[in-house]
Amino acid sequence: MGKKVWMKRPPRQETVSLTPALPGCPSHPGCSGPAMAELCRTDSSLTTLDEELLWEMLEDHRCRIVRSICPSRLTPYLRQAKVLDQLDEEEVLHSPRFTNTAMRVGYLLDLLKTRGKNGAIAFLESLKFHNPDIYTLVTGLQPSVDFTNFSGLMETSKLTECLAGAIGSLQEELSQEKGQKEVLLRQCQQLQERLGQAEARAEGLRQLEADHSRMKREVSAHFHEVLKLKDEMLSLSLHYSNALQEKELAATRCRGLQEELYLMQQELQREKMSSSCEREFRERSLKMANDLEPGDEELSRLKEENERLRSLTFSLVEKDILEQNLDEALESRQELVDRIHSLRERAVAAERQRKQYWEEKEQTLLQFQKTKVDCEIYREKMNALQSQVVELQKERDQAYSARDGAQMEISQNLTEKDALRRKVFELMDQVCELRQQVQRLQVQAESLPKQEAGAREPCPKRKQRLVRMFALCPRDDSDGSSSESQLWSDLSATSSRELVDSFRSSSPVPPSQQSLYKRAAEDFWEDPLSFSGCPEILEVDQGGSLGAKKGDADLDYEIVDRTDLPESENSLPPSSRSLYLSTSNIPVRRRLARKILSQVTVLAFQGDALLEQINVIGGNLTGIFIHRVTPGSAADEMALRPGTQILMVDYEAKEPLSKAVLEGMTLEQAIRLLRRVNGFCCLSVKVNMEGYKKLVQDLEAKVATSGDSFYIRVNLALERRVEGELQVYCNDILHVTDTLFQGGSCWHAHRVGPYSTKGTEQGTIPNYARAQQLLITLLQNMAHQSTTARKPSGGAQKLVRIISMDRTKASPLWSSFDGSQSDPNRVEDPSAVCFWAESCFTLVPYTLVHPHRPSRPRPVLFVPRMVGKIVIEKLCLLQGFKKCPAAYLNQEEYDASSQRGDIIQEREASGGRYCVTRKAVESLMGKNTHALLDIQLDSVCVLHRMEIFPIIIHVSINEKVAKKFKKALQRLNTAEDQLLEAARQEEGELDKVPCLYSSLAPESWSDLDALLGCVRLAIADEQKKVVWTE
C-alpha cells in the first residue's frame, strides 16, 4: 500500500439527522437537543469508531448490501483509496468462481475486512457516491459531498479524478441504457406491427372460420332439404303407384260392367225376338181363324204393317237412351284407345327392362359359369393335392418297408460275415499251429553244426519293430473269404496302376498305395527274422480287445494284411513266408502318435453302439463336441477325450452316401446320425478346447441350453395346446436355440420381432418331423372342408403356406430331417436312399432364413402387376420414388450384361432387348430413392442373388375392389375380369417368393388416394424392418 496522506480538515457545523442512530448510541434518533447533536455530528465521527464496530454495522446489513450494490462502480474508488489493487479488482469482477453479483459483493466485503478499519471507511465513502440510500441505512447519516468530510485516505486531486471517472462511467452507462432503450423501442414497434398483422390474420381466420361454419350449416340445411325432398319423392312415388293400382282396379271394374251391359243387351234382344215370334204366331193363328172375313183380313194386314212400322221406328225415349248409350260407348272407346296407348308404352318399357334383365341374367350366368369352373378347378386341385398326399403317404410306407427289409438283409449279412470272420480266424490259428509244428519237426530232423544250430535258435523276446501299414479297409474285410490267388492278382494289378511320386515325400497329399508297400517292405527287410525268430510275439487274443491293458489305452493299432507287402516277398524262405502269411489280419501295436492341435485327425475303430461309448453336446453354431467317454470302450482306447470336436463321420466305408459332415449340423441331426453307427467307423476329429470350454460355461450358466442357433420361417399355423407351447402363425420368424428340448420331441424357440433379430416371446414348437405330420393333417382337413362347405370369404388368418423342396438340393441343415421318423438304431439302406431320390420333392413345414439389414432405400414391387402400374404412375409424382426404366441393349451389350449377371428381367425388341438392369436399380438406390419395379415375381430371386432386397406390396383384390379401378383400367385397355384373373394367378405365386411381403386389406382404403397413402406407410414400415430371405 502507498503512503497514506492525512489531511487536516476545518471544523464544520453539526448536522441533525432524522435517520436511525449509529449502533452503540444510547439515545433515540428522534430525540432533540444537545444529546442528538453530540451523537450525530458529522461524517468524521465514523473515523473515531472502533474497527469492530464499523464491521459490525456492515455485517448487520450485509444481506441488503450484497443485493443492492454493483461492485464495478465501487472498485475504482477503492483502488484510488489504495485498499484494493488491480489483481484484487480483477478477481472480484472477473473470477469464474463467482456466478452472480451477490457473490462478488460478498467476496469484496471479505477482502476489505482483511484491510481493517481503512477498508470499512473507504467502502462507506464509496457508498456515499454510488448508493447513498445504503449509506444512510448502514450509518444513519445523510450523505454529503463535502470533500472536507472525507477520511483523507487519498489526495484531493485523485479524489476529483475518481469522481470524474465515476461520472464518466455513469454517463457511458446512461448512453448505453439510452441505446438499449431505443433498440427496445424499435423491437417493441416491430412486435406491435407483427401483433397487428397477427390480429389481422386472426381476424381473417375468424372470418374464414365463420364462413366455413356458415357453409357447413348451409350444407347441412341443404342436406336435410335433400333428405326431405327424397322422402317427399318417395311418398309421391308411393302415391303414384297406389293411384296406378286404383286406376287399374277401376279399369278392370269398368270392363266388367261393360261386359255385363253387353250381356244384358243380348238378353234383351233375345227377349224381343221371342216376343215378336209369339206375336206373329198369334196373328197367324187369328188369320187362319178369320180367313173367311175379307174386311178383317185387310184390317189384319194393316195392323201388321202398322206393327212392322212401329217395330222399325223408335220412340223419343228410346232414341235418347240410344244416343246416351252411343255417347257412352264413344267415350269408353276413347278411354280404351288411351289405355291401349299407355299399355303399349308400358309394354315398350317392359320390353326394355326385360332386355336389360336378360343381359344381366346372361352376365350372371357367365359369372356363375366362371365361378363354377373355378370351383371345379379348385376342387380338382384339392383332389389332386389330396391324391398326392395319399401317394406320398404310400411312398413313405413303401420306403419304410423297403428300408426295413434292406436293413434286415444287411443285419443278416453282417451276422453271416461275423460268423465267417470267426471261422477264418480259427482256421488261421490252426494253420499257424500246424506250420509251427512242421517247423519244429524240420529243426529236429536236420543235423546241422552247432554254430548253425546256435544261429537258428529263437532270439530272446523283444519289442517288435514297428512298421507303417494300412488301416483296416471294410472292402478288404468283406472279401476276406476270397482266395489267396485272387488277392495277390489284385495286388499286382493295383501295384502296376499306382504312382510312385509320393514315396518318402513330405507333401500334404496322402501317399500312394505303392509307396506304402515300399515302406512296409523296407522295414521288413531291415529285420527279416523279427517274424520268423519270434513267432510268439504275433499271437492273437481272439476274444480280447485291441487294448487289453489299461496302460495301453492311449495306443492305437493297425491291421497288418499280407496284401500290403510287395511281390518280392516270394524270395523269403518257405518257413518265413508261411509264418508271415499266417499272421494276416493280426493287430499289431505301434508307438504313440504325436497329437497336433487344430489339425484334423482321422481315427478308424470299431464303433459298436457309438453313442453308448461317447456323449456329445453342441450344435450348428458351436460344433459337435465329445462331452463324456465311457471308460474301457473302443473310443476310450482311441484316446478320444472331452473337448474333441467331431468334424466328419464315415460309418460304412463301402457306400459313399454314408459320409456325413457334422460341421453346421444341429445337435438333433448329429445324435440321429451317430445312432446309426453300429460297426466299423472313421471319425475326423480335432481338439478345440477353447470352443468346448466356452460352450460348457454357457450351459452351466444357463445362458444357452445347447449349441444350436438358427432362424426359421414357419409355413403353417400352430395352436397352443399345452402350457409352455408357443402359438405360431403362418409366416412367423422364429429363433431356434435348442433342437433336443425336453427329450428331443420338440424345439425351443423365440418369436422374433419385425424390427430386430432379438427374441420376444419364447416357448416350444414341434420338431421337423411332427411339424411335417401336422402340415399333412392340416392340408387333409382343408381339402375335406373345401369339399363339404364353401370357404368363407374375407381377410381370415392364413393357415398354411405350401412349399415343396427338392431333397437333392436341400440345405445341409435339413438334410436328415425327412428321415427323422425312422428308427435311429437302424443302418441307412442304400435302396431306401435311392427310393427317396426318385421322389425328390417333400413338403416343408419350416424354412431356413437369414437376416439382412439394407441401409439404402429398397426397391418396391407390387402384386398384382396391373395394380402396380396404376400405383407407380401416382407414386412417380412424389418425392423419393422413381420408376426404374427398362434400358434398350443391343446384342453385344446384352451378351456382356448377361455374362456379368446384371439382367433382372428382359423382353425382346427389334434388333435387341429391353432389360431392367442391376445398374439402373443401384443408381436409383444411390440417390436415396425407392426404385419402382414393374417386373414379375420370378425376378425376386435374381435380385436376392445381387444382394438387392425388394419390398413386395400385395394389394388384395376382390370384385368390389376391382370396381374402384374401373377408370384406371380403361386407360390400360383392361377389363375387371382380367384384373381378377391376374390377381388370382399372382397371389398363388406369392407363396413361392423367398421373403416376406406386406399385404393391404381391401377394408383399409376407399379410393386411389387412400390406397396411395396406405402404400407409402407400408413402404416406410417395411424399410425399417429386418429382411428375412430363404
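Is Tyr378 buried, partly exposed or exposed? In this predicted model, Tyr378 is partly exposed, because its relative accessible area is 42%, a value that lies between the limits of 20% and 50%. The residue belongs to helix α11, which spans residues 316-445. Together with Val373 and Ile377, Tyr378 forms a nonpolar patch on the surface. The accessible area of these three residues together is about 260 Å².

Helix α5, formed by residues 86-94, shows how buried and exposed positions can be arranged around a helix axis. Asp88, Glu89, Val92 and Leu93 are the buried residues here. Viewed down the axis of α5, these buried residues fall within an arc of 120°, and they therefore line one face of the helix. An α-helix has 3.6 residues a turn, so residues three or four places apart point the same way. On the face of α5 turned away from the buried side are the exposed residues Leu87 and His94. The buried residues of α5 pack against two helices, α4 (71-80) and α6 (101-113).

A further site to examine is Asn715, in the loop that lies between strand β9 (710-714) and strand β10 (733-741). Asn715 is buried, because its relative accessible area is 0%, under the limit of 20%. Its side chain makes polar contacts with two other side chains: that of Arg801, at 2.7 Å, and that of Thr847, at 2.8 Å. Beyond residues up to four places away in sequence, Asn715 touches Cys730 as well as Leu799, Val800, Arg801 and Ile803. Val844, Pro845, Tyr846 and Thr847 are also in contact with Asn715.

Notes:
Residues are numbered from 1 along each chain as its sequence is written. This is a predicted model: local features need pLDDT of at least 70, side-chain atom pairs count only at pLDDT 80 or more; totals for chains, interfaces and linings use all residues. Side-chain values use heavy atoms; hydrogens and water are left out. Helices (H or I, at least four residues) and strands (E, at least two) are DSSP runs, numbered from the N terminus. Buried means under 20% relative accessible area, exposed over 50%, partly exposed in between (1.4 Å probe, protein chains only). A polar contact is a pair of N or O atoms within 3.5 Å; within protein, one must be able to donate a hydrogen and the other to accept it, and residues adjacent in sequence count only if both atoms are side-chain atoms. Contact means heavy atoms within 4.5 Å. The arc is that of the directions from the helix axis to the C-beta atoms. Patches are made of residues with over 30% relative accessible area and no salt bridge: like charges are joined within 9 Å, nonpolar side chains (Val, Leu, Ile, Met, Phe, Trp, Tyr) within 5 Å. Accessible areas come from the Shrake-Rupley method with a 1.4 Å probe; for residues, only the protein chains shown count as cover. A salt bridge is a side-chain nitrogen of Lys or Arg within 4 Å of a carboxyl oxygen of Asp or Glu.
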